[in-house]
Amino acid sequence: GNMFAALTLVFTVCLTATTLYFSLNQMSLKGEIKTHGAFTYDSTGKKLRFRSNESHPTNTSLGLDLLMFFDKGVFYEIDSKNQSCEKKSLHSVDHPLDIPDDAKFCTTVTTGSASIEGEGLKVNMWTGSMHNVKGTFNMFVTMGCLPVTTLYSTDSTSFLFSTMEVENEIKEPDLLMVPSFCEHQPLEETPEGTVNSFFNEFVLTFVMNSV
């Protein structure tokens with residue numbers, strides 16, 4: 001109750017300390033990829049951990065583990081299996097759990113049924129353009145500002161994020177700390193013309209590598 005009472009005041013900060021499990025469908029002209037995993041997000045500390053742990057087709061063996069510090073402008077791409085990581089500059093704070101400041105309210109709809117008690121969920125729809133990527137988004141959030149589904153579309157591909165099993169506490173705070181094997185990792189130089197963001201990292205992993 002307290003979480004949502006505070007959050008309705010500022011719609012751009014929807015979640016404080018939260019763990020979300022997500023299902024993702026990525027669709028493109030090359031075919032469809034499905035992946036599952038978890039977000040751990042602290043909007044107060046401006047930190048996010050994104051870990052995918054299952055993909056389909058299973059033989060693609062695609063995976064992504066990102067730790068992002070939005071206020072510091074850096075992120076780590078982590079390989080826990082090999083105890084290694086890469087530290088890079090972060091150029092965009094966009095991610096699927098935050099409504100961008102320039103998003104436009106579109107409408108309020110009910111998923112399921114509004115006329116059958118207990119069988120509907122009222123959500124607000126926000127739309128806008130993606131930053132640093134040529135594309136658009138449609139984000140559906142609950143009346144308490146909890147992201148339910150977000151559709152991102154570009155010329156070549158579409159992503160559909162769906163969140164579920166949301167908890168309002170972080171049970172593994174260590175996930176938002178830099179692993180010991182990454183602590184002294186030097187910051188990599190960013191190639192000219194490259195924009196590092198959650199979405200670009202995602203596209204490189206799940207789209208480019210699946211071709």
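Reader: Let's start with the empty space inside: how many cavities of 30 Å³ or more does a search of the whole structure find?
Author: Happy to start there, and please keep in mind that this is a predicted model. Rolling a probe the size of a water molecule over the atoms shows where empty space is left. Searching the whole structure for cavities of 30 Å³ or more gives a count of 2.

Reader: Into how many nonpolar, polar and charged residues does the lining of the largest cavity divide?
Author: The largest cavity has a volume of about 80 Å³. Its lining is made by V93, D94, H95, D98, P100, S129, M130, H131, F137, M139, Y152 and F199. By class, the lining of the largest cavity divides into 7 nonpolar, 3 polar and 2 charged.

Reader: And the second largest cavity: which element gives the most to its lining?
Author: That cavity holds about 30 Å³ of space, and the residues lining it are P96, L97, P147, V148, T149, T150, F161 and T163. Two elements give two or more residues to this lining, namely strand 11 (157–167) and strand 10 (147–154). With 4 residues, the element that gives the most is strand 10.

Reader: How many charged residues are in the lining of the second largest cavity?
Author: The lining includes P96 and L97 as well as T149 and T150. It divides into 5 nonpolar and 3 polar residues, and the number of charged residues is zero, given as "no charged".

Reader: Let's turn to the aromatic rings. Why does the pair of F50 and F198 count as edge-to-face?
Author: The structure holds 11 aromatic pairs. For F50 and F198, the ring centres are 4.9 Å apart and the planes stand at 90 degrees. Planes over 60 degrees apart count as edge-to-face, so the angle that decides the matter for F50 and F198 is 90 degrees.

Reader: How many residues apart are F50 and F198?
Author: This pair links distant parts of the chain, with F50 in strand 3 (residues 47–56) and F198 in helix 2 (residues 198–206). Both F50 and F198 are buried. Along the chain, the residues are apart by 148.

Reader: How far apart are the ring centres of Y152 and F161?
Author: Y152 and F161 are each buried. Their planes stand at 90 degrees, so this pair is edge-to-face, and the ring centres are apart by 5.9 Å.

Reader: Which residues form one aromatic cluster?
Author: F50 and F198 make an edge-to-face pair, and Y152 and F161 make an edge-to-face pair too. These four residues are among the members of one aromatic cluster. The cluster is formed by F39, F50, F137, Y152, F161, F198 and F199.

Reader: Now to strand 4: are its residues buried or exposed?
Author: In a regular strand the side chains alternate between the two faces of the sheet. In strand 4 (residues 65–69), D65, L67 and F69 lie on one side, and L66 and M68 lie on the other. Both faces are covered, and 5 of the 5 residues of strand 4 are buried.

Reader: Which residue in the turn between strand 4 and strand 5 has a positive phi?
Author: Strand 4 pairs with strand 5 (residues 74–79) in the antiparallel sense over 4 bridges, and F69 stands opposite V74. The two strands form a hairpin with 4 residues between them. In that turn, the residue with a positive phi, about 70 degrees, is G73.

Reader: Which ring does the charged end of K72 sit over?
Author: F69 is on the side of strand 4 that also holds D65 and L67. The charged end of K72 lies 5.2 Å from the centre of the ring it sits over, and that ring belongs to F69.

Reader: What is the phi of Q83 near?
Author: Strand 5 and strand 6 pair in the antiparallel sense over 6 bridges, with V74 opposite S89. Q83 is in the loop between strand 5 and strand 6. Its phi is positive, in a residue other than glycine, and lies near 55 degrees.

Reader: Why does S80 count as partly exposed?
Author: S80 is found in the loop between strand 5 and strand 6. Buried means under 20% relative accessible area and exposed means over 50%. S80 counts as partly exposed because its relative accessibility is 39%.

Terms used: Residues are numbered from 1 along each chain as its sequence is written. Side-chain values use heavy atoms; hydrogens and water are left out. Buried means under 20% relative accessible area, exposed over 50%, partly exposed in between (1.4 Å probe, protein chains only). Two strands pair if DSSP finds at least two bridges between them. Rings of Phe, Tyr and Trp (its six-membered ring) pair if their centres lie within 6.5 Å; planes under 30 degrees apart count as stacked, over 60 as edge-to-face and the rest as tilted. A charge sits over a ring if NZ of Lys or CZ of Arg is within 6 Å of the ring centre and within 35 degrees of the ring normal. On a 1 Å grid over the protein atoms alone, a cavity is a set of points where a 1.4 Å probe fits but cannot get out, and a pocket is an open set with protein on both sides within 12 Å along at least five of seven lines; lining residues have an atom within 4 Å of a point. Grid points are joined across faces, edges and corners, and a volume is the space filled by probe spheres set on the points. Ala, Val, Leu, Ile, Met, Phe, Trp, Tyr, Cys and Pro count as nonpolar, Asp, Glu, Lys and Arg as charged, and the others, Gly among them, as polar.
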